[in-house]
Amino acid sequence: SSMTHTGQKTMTMSHGEKLIAADDWKSQPTLNLDVFEDPVSGWNLNIQTDNFIFDAAAAGYQNEEGHGHAHIYVNGAKRGRIYGGWDHIGSLPPGSNEVTVSLYANDHSALSIGGHKISQKIMILNE
């Protein structure tokens, strides 16, 4: 179901997550991930974005184009919110782990381009 809301196209997904289309934004957000093993424990995840500003103070408030935060999922389970370019992953189960990061608007709607969430996956092998 598609509806217009304050000039933004909003679609309701079957699992209840709202998408905000960034297709017609002046500058579309991009997302890339890198991971580095932490010398003490776990891993340090580097979240690189273009045309996107992490805005912790605005979480839950009115949307602003290009502002928001990220959600991190480990093996499909939401682990929390990210408000900047780095996140520490303390522990992971043994074996191969899938870490996914997605960009969100201030109101916790997922940002999308071409109908797909702006999301990246990275695999971490915990030996």
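**Notebook: an all-strand chain**

I began with the secondary structure of this predicted model, and the chain comes to zero helices and 13 strands. Reading along the sequence, I wrote down the pattern β-β-β-β-β-β-β-β-β-β-β-β-β.

**Whole-chain numbers**

I looked up burial next: of the 127 residues in the chain, 43% are buried. Then I checked how far contacts reach along the sequence. Taking contacts between residues at least 6 apart, I found that 58% join residues at least 24 apart. For the surface, I noted about 7,100 Å² exposed by the chain, with 50% of it supplied by carbon and sulfur atoms.

**A sheet of three strands**

I picked out one open sheet, where three strands follow the order β4-β5-β9 and pair antiparallel. Which strands stand at its edges? They are β4 (30-37) and β9 (86-89); each has a single partner strand, so one side of each is left without a neighbour in the sheet. I also noted the turn between neighbouring strands of this sheet, which is 20° on average with direction ignored.

As a reminder to myself, strands of a sheet pair through backbone hydrogen bonds, either parallel or antiparallel.

Zooming in on β4 and β5 (residues 43-50), I found eight bridges joining the two, which run antiparallel. Within this pairing I looked up Phe36, and it stands opposite Asn44 in β5.

**Two positive phi values**

Before going through the backbone angles, I recalled that most residues other than glycine have a negative phi. Two residues caught my eye here.

Asn51 has a positive phi, near 60°, and is not a glycine. I located Asn51 in the loop between β5 and β6 (53-54). Its relative accessible area is 42%, so I logged Asn51 as partly exposed.

His108 is also not a glycine, yet its phi is positive at about 75°. I found His108 in the loop between β10 (95-104) and β11 (110-113). Is His108 buried, exposed or partly exposed? With a relative accessible area of 27%, His108 is partly exposed.

**A serine in β11**

From that loop I moved on to Ser112, which lies in strand β11. Its relative accessible area is 3%; the cut-off for buried is under 20%, so I marked Ser112 as buried.

What is Ser112 in contact with, once neighbours within four places in sequence are left aside? I listed Leu19, Ile20, Ala21, Ala22 and Asp23, together with Lys117 and Ile118.

Terms used: Residues numbered from 1 in each chain as written. Predicted model: local features only at pLDDT ≥ 70, side-chain atom pairs only at ≥ 80, totals over all residues. Heavy atoms only, no water. Pairing = 2+ DSSP bridges. Helix = DSSP H or I, 4+ residues; strand = E, 2+ residues; numbered from the N terminus. Axes fitted to C-alpha atoms, helices over the stretch in contact; angles between N-to-C directions. Buried < 20%, exposed > 50% of the residue type's maximum accessible area, 1.4 Å probe, protein only. Contact = heavy atoms within 4.5 Å. Areas by Shrake-Rupley, 256 points an atom, 1.4 Å probe, with all protein chains shown as cover.
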